[in-house]
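Trainee: I have a model open and some points to settle. Can we go through them one at a time?
Mentor: Go ahead.

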Amino acid sequence: MVMVAAVRDYINRMLQDITGMKVLILDPQTVSFVSVVYSQSELLQKEVFLVELIDSISMSKESMSHLKAIYFVRPVSENIQHLRRHLANPRFGEYHLFFSNLLKDTQIHILADSDEQEVVQQVQEFYADFVALDPYHFILNTPWNSLYMLPAVVDPSGLQNVCDRIVDGIAAVFLALKRRPVIRYQRTSDIAKRIAQETAKLMYQQESGLFDFRRTEISPLLMIVDRRDDPVTPLLNQWTYQAMVHELIGIQDNKVDLRNIGKVPKDQQEVVLSSEQDSFFKANMFENFGDIGMNIKRMVDDFQQIAKSNQNIQTIEDMAKFVDNYPEYRKMHGNVSKHVTLVTEMSKIVEERKLMLVSQTEQELACNGGQGAAYEAVTNLLNNESLSDIDRLRLVMLYALRYEKENPVQLMQLFNKLASRSPKYKPGLVQFLLKQAGVDKRTGDLYGNRDLLNIARNMARGLKGVENVYTQHQPLLLQTIENITKGRLRDVDYPYIGNHFQQGRPQEVIIFIVGGTTYEEARTVALQNASNSGIRFILGGTVVLNSKRFLKDLEEAQRIARTNTSVV
(Lines give C-alpha, C1' and ligand atoms only; values in the text may rest on other atoms or scores of the structure.)
Protein backbone atom coordinates (compact mmCIF):
# COMPACT_ATOMS: atom_id res chain seq x y z
CA MET A 1 0.00 0.00 0.00
CA VAL A 2 2.98 2.30 0.60
CA MET A 3 2.99 4.77 -2.36
CA VAL A 4 -0.77 4.69 -2.93
CA ALA A 5 -1.43 5.02 0.80
CA ALA A 6 0.88 8.03 1.09
CA VAL A 7 -1.04 9.98 -1.58
CA ARG A 8 -4.47 8.85 -0.33
CA ASP A 9 -3.54 9.98 3.16
CA TYR A 10 -2.72 13.50 1.93
CA ILE A 11 -5.98 13.75 -0.05
CA ASN A 12 -8.02 12.42 2.89
CA ARG A 13 -6.51 15.08 5.15
CA MET A 14 -7.26 17.78 2.58
CA LEU A 15 -10.92 16.81 2.16
CA GLN A 16 -11.86 15.64 5.66
CA ASP A 17 -10.76 18.65 7.66
CA ILE A 18 -12.79 21.09 5.54
CA THR A 19 -16.50 20.54 6.08
CA GLY A 20 -19.32 21.46 3.72
CA MET A 21 -19.69 21.60 -0.05
CA LYS A 22 -16.40 21.80 -1.89
CA VAL A 23 -14.88 22.36 -5.31
CA LEU A 24 -11.53 20.69 -5.98
CA ILE A 25 -9.25 22.63 -8.31
CA LEU A 26 -6.32 20.78 -9.87
CA ASP A 27 -3.70 21.33 -12.57
CA PRO A 28 -2.96 18.91 -15.46
CA GLN A 29 -0.32 17.09 -13.34
CA THR A 30 -2.19 16.85 -10.03
CA VAL A 31 -5.23 15.46 -11.90
CA SER A 32 -3.08 12.37 -12.50
CA PHE A 33 -1.81 12.25 -8.90
CA VAL A 34 -5.39 12.25 -7.56
CA SER A 35 -7.16 10.12 -10.18
CA VAL A 36 -4.95 7.03 -9.77
CA VAL A 37 -5.69 6.73 -6.04
CA TYR A 38 -9.16 8.27 -5.62
CA SER A 39 -12.34 7.47 -7.54
CA GLN A 40 -15.02 10.03 -8.41
CA SER A 41 -17.53 8.35 -6.13
CA GLU A 42 -15.08 8.66 -3.21
CA LEU A 43 -14.71 12.39 -3.95
CA LEU A 44 -18.50 12.74 -3.87
CA GLN A 45 -18.62 11.03 -0.48
CA LYS A 46 -16.28 13.76 0.77
CA GLU A 47 -18.73 16.43 -0.51
CA VAL A 48 -16.66 17.40 -3.54
CA PHE A 49 -19.36 18.43 -6.01
CA LEU A 50 -17.16 19.95 -8.66
CA VAL A 51 -13.66 19.18 -10.00
CA GLU A 52 -12.12 21.91 -12.15
CA LEU A 53 -8.79 22.62 -13.85
CA ILE A 54 -6.97 25.72 -12.61
CA ASP A 55 -6.47 27.16 -16.11
CA SER A 56 -10.09 26.68 -17.27
CA ILE A 57 -11.81 27.89 -14.10
CA SER A 58 -10.50 31.41 -14.83
CA MET A 59 -12.86 31.57 -17.80
CA SER A 60 -15.99 31.56 -15.63
CA LYS A 61 -17.21 34.64 -13.76
CA GLU A 62 -20.16 33.10 -11.92
CA SER A 63 -20.05 33.55 -8.14
CA MET A 64 -20.23 30.37 -6.04
CA SER A 65 -19.75 31.70 -2.53
CA HIS A 66 -21.55 28.66 -1.05
CA LEU A 67 -18.63 26.45 -2.14
CA LYS A 68 -15.24 26.14 -0.46
CA ALA A 69 -12.37 25.96 -2.94
CA ILE A 70 -9.62 23.42 -2.33
CA TYR A 71 -6.66 23.94 -4.64
CA PHE A 72 -4.18 21.10 -5.03
CA VAL A 73 -1.55 22.18 -7.55
CA ARG A 74 2.19 22.01 -8.27
CA PRO A 75 4.13 25.07 -7.00
CA VAL A 76 5.11 26.27 -10.49
CA SER A 77 5.03 29.91 -11.59
CA GLU A 78 2.06 29.57 -13.97
CA ASN A 79 -0.12 28.15 -11.15
CA ILE A 80 0.93 31.02 -8.86
CA GLN A 81 -0.08 33.47 -11.63
CA HIS A 82 -3.48 31.74 -12.03
CA LEU A 83 -3.98 31.98 -8.25
CA ARG A 84 -3.14 35.68 -8.28
CA ARG A 85 -5.93 36.27 -10.80
CA HIS A 86 -8.39 34.03 -8.92
CA LEU A 87 -7.74 35.77 -5.60
CA ALA A 88 -8.11 39.24 -7.16
CA ASN A 89 -11.78 38.38 -7.93
CA PRO A 90 -12.72 35.56 -5.58
CA ARG A 91 -15.70 33.45 -6.72
CA PHE A 92 -15.76 31.03 -3.77
CA GLY A 93 -16.47 31.52 -0.09
CA GLU A 94 -13.15 30.15 1.17
CA TYR A 95 -9.81 29.25 -0.40
CA HIS A 96 -7.65 26.41 0.94
CA LEU A 97 -4.35 26.15 -0.92
CA PHE A 98 -2.37 22.91 -0.98
CA PHE A 99 0.85 22.58 -2.97
CA SER A 100 2.37 19.25 -3.95
CA ASN A 101 5.94 20.34 -3.21
CA LEU A 102 8.12 23.01 -1.60
CA LEU A 103 6.98 26.62 -2.05
CA LYS A 104 9.59 29.35 -2.47
CA ASP A 105 9.45 32.33 -0.10
CA THR A 106 8.83 34.64 -3.06
CA GLN A 107 5.77 32.57 -4.05
CA ILE A 108 4.34 32.83 -0.53
CA HIS A 109 4.79 36.62 -0.65
CA ILE A 110 2.99 36.82 -4.02
CA LEU A 111 0.05 34.82 -2.61
CA ALA A 112 -0.09 36.93 0.55
CA ASP A 113 -0.09 40.16 -1.47
CA SER A 114 -2.82 38.84 -3.77
CA ASP A 115 -5.19 37.91 -0.94
CA GLU A 116 -6.54 41.43 -0.40
CA GLN A 117 -10.02 40.16 0.49
CA GLU A 118 -8.62 37.66 3.02
CA VAL A 119 -10.39 34.64 1.60
CA VAL A 120 -7.38 32.28 1.95
CA GLN A 121 -7.86 30.11 5.04
CA GLN A 122 -4.65 28.08 4.80
CA VAL A 123 -1.56 27.42 2.66
CA GLN A 124 0.08 24.01 3.05
CA GLU A 125 2.63 21.73 1.43
CA PHE A 126 1.32 18.17 0.93
CA TYR A 127 4.07 16.14 -0.74
CA ALA A 128 2.04 14.07 -3.21
CA ASP A 129 4.08 15.16 -6.23
CA PHE A 130 4.07 11.83 -8.07
CA VAL A 131 1.71 9.33 -9.73
CA ALA A 132 1.34 6.30 -7.43
CA LEU A 133 0.38 3.67 -10.03
CA ASP A 134 0.69 0.72 -7.65
CA PRO A 135 1.79 0.22 -4.06
CA TYR A 136 5.47 -0.15 -5.06
CA HIS A 137 5.54 1.74 -8.37
CA PHE A 138 5.43 5.49 -9.01
CA ILE A 139 6.21 7.76 -11.97
CA LEU A 140 6.47 11.52 -12.52
CA ASN A 141 4.98 11.79 -16.06
CA THR A 142 7.98 13.95 -16.96
CA PRO A 143 7.56 15.93 -20.17
CA TRP A 144 10.47 15.82 -22.66
CA ASN A 145 11.43 12.36 -21.47
CA SER A 146 13.75 11.85 -24.47
CA LEU A 147 16.19 14.57 -23.32
CA TYR A 148 17.90 12.20 -20.85
CA MET A 149 19.66 10.58 -23.83
CA LEU A 150 21.39 13.78 -24.94
CA PRO A 151 24.56 15.43 -23.63
CA ALA A 152 23.91 18.55 -21.53
CA VAL A 153 25.31 20.85 -24.24
CA VAL A 154 22.43 20.08 -26.64
CA ASP A 155 19.53 21.65 -24.73
CA PRO A 156 20.84 22.92 -21.38
CA SER A 157 17.62 24.64 -20.25
CA GLY A 158 15.39 21.72 -21.36
CA LEU A 159 17.61 19.22 -19.55
CA GLN A 160 17.68 21.41 -16.45
CA ASN A 161 13.85 21.43 -16.40
CA VAL A 162 13.83 17.61 -16.65
CA CYS A 163 16.40 17.32 -13.83
CA ASP A 164 14.51 19.81 -11.62
CA ARG A 165 11.25 17.87 -12.05
CA ILE A 166 12.98 14.56 -11.19
CA VAL A 167 14.69 16.02 -8.11
CA ASP A 168 11.35 17.56 -6.97
CA GLY A 169 9.56 14.24 -7.46
CA ILE A 170 12.17 12.20 -5.58
CA ALA A 171 12.23 14.78 -2.75
CA ALA A 172 8.43 14.57 -2.43
CA VAL A 173 8.56 10.76 -2.23
CA PHE A 174 11.02 10.88 0.69
CA LEU A 175 9.12 13.70 2.45
CA ALA A 176 5.94 11.60 2.13
CA LEU A 177 7.80 8.57 3.56
CA LYS A 178 9.46 10.83 6.19
CA ARG A 179 12.95 9.52 5.43
CA ARG A 180 16.29 10.85 4.17
CA PRO A 181 18.20 8.37 2.01
CA VAL A 182 21.78 7.49 1.33
CA ILE A 183 22.23 8.09 -2.43
CA ARG A 184 24.03 6.00 -5.06
CA TYR A 185 24.06 6.36 -8.84
CA GLN A 186 25.12 4.49 -11.96
CA ARG A 187 28.70 5.48 -12.74
CA THR A 188 28.41 5.44 -16.55
CA SER A 189 25.45 7.86 -16.68
CA ASP A 190 26.04 11.62 -16.59
CA ILE A 191 22.37 12.38 -16.00
CA ALA A 192 22.06 9.84 -13.14
CA LYS A 193 25.11 11.47 -11.49
CA ARG A 194 23.72 14.96 -11.97
CA ILE A 195 20.33 14.05 -10.47
CA ALA A 196 22.01 12.25 -7.56
CA GLN A 197 24.17 15.30 -6.82
CA GLU A 198 21.27 17.76 -7.04
CA THR A 199 19.05 15.53 -4.85
CA ALA A 200 21.80 15.23 -2.22
CA LYS A 201 22.36 19.01 -2.29
CA LEU A 202 18.64 19.60 -1.66
CA MET A 203 18.33 16.99 1.11
CA TYR A 204 21.62 17.55 2.94
CA GLN A 205 22.25 21.28 2.39
CA GLN A 206 19.46 23.52 1.09
CA GLU A 207 16.60 21.85 3.03
CA SER A 208 18.53 19.75 5.53
CA GLY A 209 16.21 20.81 8.40
CA LEU A 210 13.12 19.60 6.53
CA PHE A 211 14.69 16.19 5.83
CA ASP A 212 16.09 15.69 9.34
CA PHE A 213 13.55 13.19 10.64
CA ARG A 214 15.83 12.01 13.49
CA ARG A 215 15.13 8.37 12.77
CA THR A 216 17.40 5.87 14.45
CA GLU A 217 17.04 2.95 12.02
CA ILE A 218 19.29 2.48 8.99
CA SER A 219 18.78 5.08 6.25
CA PRO A 220 16.96 3.91 3.13
CA LEU A 221 18.92 3.66 -0.11
CA LEU A 222 18.08 5.75 -3.17
CA MET A 223 19.57 4.26 -6.35
CA ILE A 224 19.49 6.40 -9.48
CA VAL A 225 20.02 4.42 -12.68
CA ASP A 226 19.71 5.10 -16.39
CA ARG A 227 17.23 3.39 -18.72
CA ARG A 228 20.03 2.91 -21.26
CA ASP A 229 21.67 0.35 -18.99
CA ASP A 230 18.85 -2.04 -19.94
CA PRO A 231 17.41 -1.10 -23.34
CA VAL A 232 16.22 -4.70 -23.87
CA THR A 233 13.31 -4.79 -21.39
CA PRO A 234 11.29 -1.96 -23.00
CA LEU A 235 11.80 -3.47 -26.47
CA LEU A 236 10.31 -6.89 -25.68
CA ASN A 237 6.75 -8.12 -26.16
CA GLN A 238 5.07 -8.87 -22.85
CA TRP A 239 2.99 -11.89 -21.80
CA THR A 240 1.80 -11.01 -18.30
CA TYR A 241 -1.53 -9.20 -17.95
CA GLN A 242 -0.70 -5.62 -16.87
CA ALA A 243 2.48 -5.42 -18.98
CA MET A 244 0.72 -6.91 -21.99
CA VAL A 245 -2.21 -4.47 -21.88
CA HIS A 246 0.29 -1.58 -21.83
CA GLU A 247 2.36 -3.05 -24.67
CA LEU A 248 -0.55 -3.85 -27.00
CA ILE A 249 -3.23 -1.27 -26.13
CA GLY A 250 -1.66 1.27 -23.77
CA ILE A 251 -2.30 2.32 -20.15
CA GLN A 252 -2.19 5.98 -19.11
CA ASP A 253 -2.45 6.70 -15.36
CA ASN A 254 -4.16 3.32 -14.79
CA LYS A 255 -6.75 4.01 -17.51
CA VAL A 256 -7.14 2.19 -20.83
CA ASP A 257 -8.68 3.99 -23.79
CA LEU A 258 -10.85 1.54 -25.77
CA ARG A 259 -12.49 4.02 -28.15
CA ASN A 260 -10.55 2.74 -31.15
CA ILE A 261 -11.60 -0.84 -30.56
CA GLY A 262 -14.65 -1.98 -32.54
CA LYS A 263 -18.04 -1.68 -30.90
CA VAL A 264 -17.55 -0.93 -27.23
CA PRO A 265 -20.49 0.25 -25.05
CA LYS A 266 -20.31 3.92 -24.08
CA ASP A 267 -19.56 3.24 -20.41
CA GLN A 268 -16.63 0.98 -21.40
CA GLN A 269 -14.80 3.40 -23.70
CA GLU A 270 -12.32 4.25 -20.99
CA VAL A 271 -11.77 1.63 -18.30
CA VAL A 272 -9.78 1.71 -15.08
CA LEU A 273 -7.13 -0.95 -14.42
CA SER A 274 -6.18 -0.47 -10.81
CA SER A 275 -5.04 -3.06 -8.29
CA GLU A 276 -6.69 -0.92 -5.60
CA GLN A 277 -10.14 -0.80 -7.21
CA ASP A 278 -10.42 -4.13 -9.08
CA SER A 279 -9.93 -7.37 -7.16
CA PHE A 280 -9.78 -9.55 -10.30
CA PHE A 281 -7.03 -7.35 -11.74
CA LYS A 282 -5.15 -7.35 -8.42
CA ALA A 283 -5.17 -11.15 -8.36
CA ASN A 284 -4.19 -11.52 -12.04
CA MET A 285 -2.06 -8.51 -13.02
CA PHE A 286 1.18 -10.53 -12.95
CA GLU A 287 -0.24 -13.77 -14.39
CA ASN A 288 0.63 -15.22 -17.81
CA PHE A 289 -1.72 -14.60 -20.72
CA GLY A 290 -2.70 -18.29 -20.94
CA ASP A 291 -3.77 -18.38 -17.27
CA ILE A 292 -5.69 -15.11 -17.63
CA GLY A 293 -7.97 -16.70 -20.26
CA MET A 294 -8.85 -19.54 -17.85
CA ASN A 295 -9.40 -17.16 -14.92
CA ILE A 296 -11.67 -14.88 -16.97
CA LYS A 297 -13.72 -17.90 -18.05
CA ARG A 298 -14.17 -18.77 -14.36
CA MET A 299 -15.26 -15.17 -13.63
CA VAL A 300 -17.77 -15.25 -16.53
CA ASP A 301 -19.18 -18.56 -15.23
CA ASP A 302 -19.60 -17.10 -11.73
CA PHE A 303 -21.33 -14.05 -13.18
CA GLN A 304 -23.72 -16.20 -15.23
CA GLN A 305 -24.73 -18.08 -12.07
CA ILE A 306 -25.59 -14.79 -10.36
CA ALA A 307 -27.41 -13.49 -13.44
CA LYS A 308 -29.44 -16.72 -13.57
CA SER A 309 -30.46 -16.44 -9.92
CA ASN A 310 -31.53 -12.81 -10.55
CA GLN A 311 -33.85 -13.93 -13.33
CA ASN A 312 -35.70 -16.06 -10.84
CA ILE A 313 -37.53 -13.20 -9.07
CA GLN A 314 -40.92 -14.38 -7.79
CA THR A 315 -41.68 -12.64 -4.53
CA ILE A 316 -41.49 -9.10 -3.16
CA GLU A 317 -38.57 -10.28 -0.97
CA ASP A 318 -36.69 -11.52 -4.06
CA MET A 319 -37.24 -8.15 -5.68
CA ALA A 320 -36.02 -6.23 -2.62
CA LYS A 321 -32.95 -8.47 -2.44
CA PHE A 322 -32.21 -7.88 -6.13
CA VAL A 323 -32.50 -4.08 -5.71
CA ASP A 324 -30.16 -4.19 -2.68
CA ASN A 325 -27.58 -6.21 -4.59
CA TYR A 326 -28.01 -4.33 -7.86
CA PRO A 327 -25.03 -1.90 -7.49
CA GLU A 328 -22.75 -4.88 -6.79
CA TYR A 329 -24.30 -6.77 -9.73
CA ARG A 330 -23.73 -3.82 -12.09
CA LYS A 331 -20.17 -3.45 -10.90
CA MET A 332 -19.51 -7.13 -11.51
CA HIS A 333 -21.12 -6.89 -14.95
CA GLY A 334 -18.86 -3.95 -15.84
CA ASN A 335 -15.79 -5.77 -14.56
CA VAL A 336 -16.54 -8.97 -16.50
CA SER A 337 -17.13 -7.13 -19.78
CA LYS A 338 -14.01 -4.97 -19.25
CA HIS A 339 -11.66 -7.94 -18.87
CA VAL A 340 -13.35 -9.94 -21.64
CA THR A 341 -12.97 -6.94 -24.00
CA LEU A 342 -9.28 -6.50 -23.12
CA VAL A 343 -8.36 -10.15 -23.53
CA THR A 344 -10.36 -10.51 -26.76
CA GLU A 345 -8.64 -7.45 -28.25
CA MET A 346 -5.17 -8.64 -27.20
CA SER A 347 -5.78 -12.10 -28.66
CA LYS A 348 -6.73 -10.44 -31.94
CA ILE A 349 -3.52 -8.33 -31.99
CA VAL A 350 -1.35 -11.36 -31.12
CA GLU A 351 -2.85 -13.25 -34.04
CA GLU A 352 -2.70 -10.35 -36.52
CA ARG A 353 0.93 -9.46 -35.78
CA LYS A 354 2.08 -13.10 -35.35
CA LEU A 355 3.45 -12.14 -31.95
CA MET A 356 3.92 -15.72 -30.69
CA LEU A 357 6.40 -16.24 -33.51
CA VAL A 358 8.11 -12.86 -33.04
CA SER A 359 8.27 -13.18 -29.27
CA GLN A 360 9.99 -16.56 -29.34
CA THR A 361 12.89 -15.07 -31.31
CA GLU A 362 12.91 -11.93 -29.11
CA GLN A 363 13.29 -14.07 -25.99
CA GLU A 364 16.08 -16.10 -27.61
CA LEU A 365 17.88 -12.85 -28.48
CA ALA A 366 17.46 -11.54 -24.93
CA CYS A 367 18.31 -14.71 -23.03
CA ASN A 368 20.38 -17.21 -25.02
CA GLY A 369 23.61 -17.09 -27.00
CA GLY A 370 24.21 -18.36 -30.55
CA GLN A 371 24.84 -15.60 -33.07
CA GLY A 372 24.50 -17.75 -36.23
CA ALA A 373 21.09 -19.17 -35.34
CA ALA A 374 19.90 -15.72 -34.19
CA TYR A 375 20.94 -14.13 -37.51
CA GLU A 376 19.02 -16.79 -39.43
CA ALA A 377 15.90 -16.43 -37.25
CA VAL A 378 15.83 -12.62 -37.57
CA THR A 379 16.44 -12.77 -41.35
CA ASN A 380 13.53 -15.21 -41.79
CA LEU A 381 11.22 -12.99 -39.76
CA LEU A 382 12.23 -9.85 -41.68
CA ASN A 383 11.14 -11.69 -44.84
CA ASN A 384 7.78 -12.63 -43.31
CA GLU A 385 5.05 -10.52 -44.96
CA SER A 386 2.77 -10.76 -41.89
CA LEU A 387 5.17 -8.83 -39.64
CA SER A 388 4.53 -5.18 -38.84
CA ASP A 389 7.24 -2.55 -39.30
CA ILE A 390 7.62 -1.97 -35.56
CA ASP A 391 8.19 -5.70 -34.92
CA ARG A 392 10.89 -5.83 -37.62
CA LEU A 393 12.61 -2.81 -36.10
CA ARG A 394 12.51 -4.29 -32.59
CA LEU A 395 14.01 -7.59 -33.76
CA VAL A 396 16.93 -5.85 -35.48
CA MET A 397 17.51 -3.68 -32.40
CA LEU A 398 17.52 -6.69 -30.06
CA TYR A 399 19.94 -8.51 -32.39
CA ALA A 400 22.21 -5.44 -32.66
CA LEU A 401 22.32 -4.91 -28.87
CA ARG A 402 23.28 -8.54 -28.35
CA TYR A 403 25.78 -9.04 -31.17
CA GLU A 404 27.09 -5.54 -31.93
CA LYS A 405 30.71 -6.71 -31.61
CA GLU A 406 30.27 -9.97 -33.55
CA ASN A 407 30.20 -10.34 -37.33
CA PRO A 408 29.68 -6.69 -38.42
CA VAL A 409 29.00 -7.80 -42.02
CA GLN A 410 25.86 -9.71 -41.00
CA LEU A 411 24.75 -6.78 -38.83
CA MET A 412 25.02 -4.45 -41.85
CA GLN A 413 23.02 -6.95 -43.93
CA LEU A 414 20.21 -6.81 -41.35
CA PHE A 415 20.32 -2.98 -41.36
CA ASN A 416 19.96 -2.98 -45.16
CA LYS A 417 17.17 -5.55 -45.12
CA LEU A 418 15.28 -3.52 -42.48
CA ALA A 419 15.67 -0.36 -44.58
CA SER A 420 14.25 -2.10 -47.66
CA ARG A 421 11.39 -3.93 -45.84
CA SER A 422 10.34 -1.11 -43.50
CA PRO A 423 11.28 2.16 -45.22
CA LYS A 424 9.30 4.25 -42.69
CA TYR A 425 12.13 3.73 -40.18
CA LYS A 426 14.95 6.15 -40.83
CA PRO A 427 18.32 4.53 -41.33
CA GLY A 428 20.49 5.17 -38.37
CA LEU A 429 17.91 4.64 -35.59
CA VAL A 430 19.46 1.27 -34.67
CA GLN A 431 22.96 2.78 -34.82
CA PHE A 432 21.73 5.67 -32.62
CA LEU A 433 20.47 3.12 -30.08
CA LEU A 434 23.89 1.40 -30.05
CA LYS A 435 25.58 4.77 -29.58
CA GLN A 436 23.23 5.47 -26.66
CA ALA A 437 23.02 2.06 -25.02
CA GLY A 438 25.69 -0.16 -26.60
CA VAL A 439 27.98 -2.43 -24.61
CA ASP A 440 30.58 0.32 -24.02
CA LYS A 441 27.96 2.56 -22.37
CA ARG A 442 26.46 0.04 -19.96
CA THR A 443 27.36 -0.67 -16.32
CA GLY A 444 25.33 -3.79 -15.52
CA ASP A 445 25.90 -7.28 -16.90
CA LEU A 446 22.88 -7.13 -19.22
CA TYR A 447 23.31 -10.57 -20.84
CA GLY A 448 24.89 -12.33 -17.85
CA ASN A 449 28.11 -12.98 -19.77
CA ARG A 450 30.55 -10.58 -18.16
CA ASP A 451 31.35 -12.10 -14.81
CA LEU A 452 31.79 -15.70 -13.78
CA LEU A 453 28.99 -15.73 -11.24
CA ASN A 454 26.39 -14.62 -13.81
CA ILE A 455 27.69 -17.05 -16.44
CA ALA A 456 27.29 -19.89 -13.92
CA ARG A 457 23.83 -18.69 -12.94
CA ASN A 458 22.72 -18.58 -16.59
CA MET A 459 24.05 -22.08 -17.22
CA ALA A 460 22.14 -23.37 -14.19
CA ARG A 461 18.95 -21.73 -15.49
CA GLY A 462 19.51 -23.23 -18.91
CA LEU A 463 19.95 -26.72 -17.47
CA LYS A 464 16.84 -26.46 -15.33
CA GLY A 465 14.80 -25.53 -18.39
CA VAL A 466 12.36 -22.68 -18.59
CA GLU A 467 8.75 -22.93 -17.54
CA ASN A 468 7.52 -20.68 -20.33
CA VAL A 469 9.54 -19.78 -23.40
CA TYR A 470 7.72 -16.43 -23.70
CA THR A 471 8.52 -15.18 -20.19
CA GLN A 472 12.05 -16.46 -19.65
CA HIS A 473 13.57 -12.94 -19.81
CA GLN A 474 14.39 -11.30 -16.48
CA PRO A 475 15.07 -7.54 -16.46
CA LEU A 476 18.52 -6.33 -15.40
CA LEU A 477 16.76 -4.77 -12.41
CA LEU A 478 16.41 -8.24 -10.85
CA GLN A 479 20.20 -8.62 -10.84
CA THR A 480 20.54 -5.18 -9.21
CA ILE A 481 17.96 -6.15 -6.56
CA GLU A 482 19.78 -9.44 -5.84
CA ASN A 483 23.11 -7.63 -5.56
CA ILE A 484 21.64 -5.10 -3.09
CA THR A 485 19.99 -7.88 -1.06
CA LYS A 486 23.28 -9.81 -0.82
CA GLY A 487 25.43 -6.72 -0.27
CA ARG A 488 27.29 -7.32 -3.55
CA LEU A 489 26.65 -4.02 -5.35
CA ARG A 490 30.08 -2.69 -6.25
CA ASP A 491 30.93 0.83 -5.07
CA VAL A 492 33.01 1.38 -8.20
CA ASP A 493 29.96 0.78 -10.44
CA TYR A 494 27.43 2.55 -8.19
CA PRO A 495 29.31 5.22 -6.21
CA TYR A 496 27.87 6.96 -3.14
CA ILE A 497 27.24 10.71 -3.15
CA GLY A 498 29.14 12.72 -0.53
CA ASN A 499 30.31 11.07 2.67
CA HIS A 500 26.97 9.43 3.46
CA PHE A 501 27.57 5.68 3.26
CA GLN A 502 25.29 2.78 4.02
CA GLN A 503 25.65 1.49 7.58
CA GLY A 504 24.59 -2.15 7.25
CA ARG A 505 21.90 -3.55 4.98
CA PRO A 506 19.10 -1.09 4.09
CA GLN A 507 15.51 -2.08 4.90
CA GLU A 508 14.05 0.14 2.21
CA VAL A 509 15.40 0.75 -1.31
CA ILE A 510 13.99 3.11 -3.93
CA ILE A 511 15.33 2.51 -7.41
CA PHE A 512 14.64 5.42 -9.76
CA ILE A 513 15.08 4.85 -13.51
CA VAL A 514 15.77 8.03 -15.47
CA GLY A 515 14.12 7.47 -18.85
CA GLY A 516 11.25 5.34 -17.58
CA THR A 517 10.18 2.08 -15.94
CA THR A 518 8.32 -0.88 -17.45
CA TYR A 519 5.49 -2.97 -16.01
CA GLU A 520 7.78 -6.01 -16.30
CA GLU A 521 10.14 -4.32 -13.84
CA ALA A 522 7.22 -3.30 -11.59
CA ARG A 523 6.21 -6.97 -11.52
CA THR A 524 9.78 -7.98 -10.59
CA VAL A 525 9.70 -5.54 -7.65
CA ALA A 526 6.23 -6.64 -6.46
CA LEU A 527 7.22 -10.35 -6.55
CA GLN A 528 10.48 -9.57 -4.75
CA ASN A 529 8.57 -7.75 -1.99
CA ALA A 530 6.16 -10.69 -1.70
CA SER A 531 9.15 -12.99 -1.04
CA ASN A 532 9.82 -11.22 2.31
CA SER A 533 13.58 -10.79 1.91
CA GLY A 534 13.61 -8.22 4.72
CA ILE A 535 14.09 -5.32 2.27
CA ARG A 536 11.22 -3.36 0.78
CA PHE A 537 11.85 -2.20 -2.79
CA ILE A 538 10.03 0.66 -4.52
CA LEU A 539 10.39 1.38 -8.23
CA GLY A 540 10.19 4.91 -9.60
CA GLY A 541 10.75 6.47 -13.00
CA THR A 542 10.07 9.41 -15.26
CA VAL A 543 7.31 7.61 -17.26
CA VAL A 544 6.09 4.03 -17.89
CA LEU A 545 7.45 2.74 -21.17
CA ASN A 546 6.18 0.26 -23.69
CA SER A 547 8.12 -0.45 -26.89
CA LYS A 548 6.20 2.22 -28.83
CA ARG A 549 7.02 4.94 -26.27
CA PHE A 550 10.67 3.85 -25.97
CA LEU A 551 11.10 4.03 -29.76
CA LYS A 552 9.31 7.40 -29.89
CA ASP A 553 11.72 8.80 -27.28
CA LEU A 554 14.66 7.35 -29.22
CA GLU A 555 13.48 8.96 -32.48
CA GLU A 556 12.88 12.27 -30.73
CA ALA A 557 16.39 12.23 -29.20
CA GLN A 558 17.90 11.35 -32.58
CA ARG A 559 16.01 14.22 -34.23
CA ILE A 560 17.24 16.75 -31.64
CA ALA A 561 20.78 15.37 -31.88
CA ARG A 562 20.72 15.69 -35.67
CA THR A 563 19.74 19.35 -35.51
CA ASN A 564 22.80 19.77 -33.26
CA THR A 565 25.12 17.97 -35.65
CA SER A 566 28.12 18.46 -33.41
CA VAL A 567 26.69 15.78 -31.10
CA VAL A 568 26.07 13.02 -33.64
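**A buried arginine, a mixed sheet and two loop residues**

Mentor: Start with R392, which counts as buried because its relative accessibility is 4%. Keep in mind that this is a predicted model.

Trainee: In which helix is the place of R392?
Mentor: Look at the residue range 389–403. R392 has its place there, in helix α15.

Trainee: Which residue has its backbone oxygen 3.5 Å from a polar atom of the R392 side chain?
Mentor: Begin with the surroundings. Leaving out residues up to four places away in sequence, R392 touches eight positions: L381, L382, N384, E385, L387, L418, R421 and S422. The backbone oxygen 3.5 Å from a polar atom of its side chain belongs to L387.

Trainee: Now the sheet. Which are its edge strands?
Mentor: The sheet is open, has 6 strands and shows mixed pairing. Its order reads β6-β7-β13-β12-β9-β8. An edge strand pairs on one side only, and that holds for β6 (131–134) and β8 (182–185).

Trainee: What does the twist average from one strand to the next?
Mentor: Follow the order β6-β7-β13-β12-β9-β8 across the sheet. From one strand to the next, the twist averages 25°.

Trainee: How many bridges join β8 to β9, and do they run parallel or antiparallel?
Mentor: Strand β9 covers residues 221–226. One facing pair is V182 opposite L221 in β9. The two strands are joined by 4 bridges, and their direction is parallel.

Trainee: Which helix packs on the sheet, and what angle does its direction make with that of β13?
Mentor: Residues 519–530 form the helix, and it touches β6, β7 (137–139), β12 (508–514) and β13 (536–541). The helix is α20, and the angle with β13 is about 165°.

Trainee: On to the loops. Is E118 buried or exposed?
Mentor: E118 sits in the loop between α6 (105–114) and β5 (120–125). Its phi is near 55°, positive although the residue is not glycine. The relative accessible area is 66%, and the cut-off for exposed is over 50%. So E118 is exposed.

Trainee: And W144: where does it lie, and what is its phi?
Mentor: W144 counts as exposed because its relative accessibility is 55%. Its loop runs between β7 and α7 (156–177). W144 is a residue other than glycine with a positive phi, near 55°.

Key
Residues are numbered from 1 along each chain as its sequence is written. This is a predicted model: local features need pLDDT of at least 70, side-chain atom pairs count only at pLDDT 80 or more; totals for chains, interfaces and linings use all residues. Side-chain values use heavy atoms; hydrogens and water are left out. Buried means under 20% relative accessible area, exposed over 50%, partly exposed in between (1.4 Å probe, protein chains only). A polar contact is a pair of N or O atoms within 3.5 Å; within protein, one must be able to donate a hydrogen and the other to accept it, and residues adjacent in sequence count only if both atoms are side-chain atoms. Contact means heavy atoms within 4.5 Å. Two strands pair if DSSP finds at least two bridges between them. Axes are lines fitted to C-alpha atoms, for helices over the stretch in contact, and angles run from 0 to 180 degrees between N-to-C directions.
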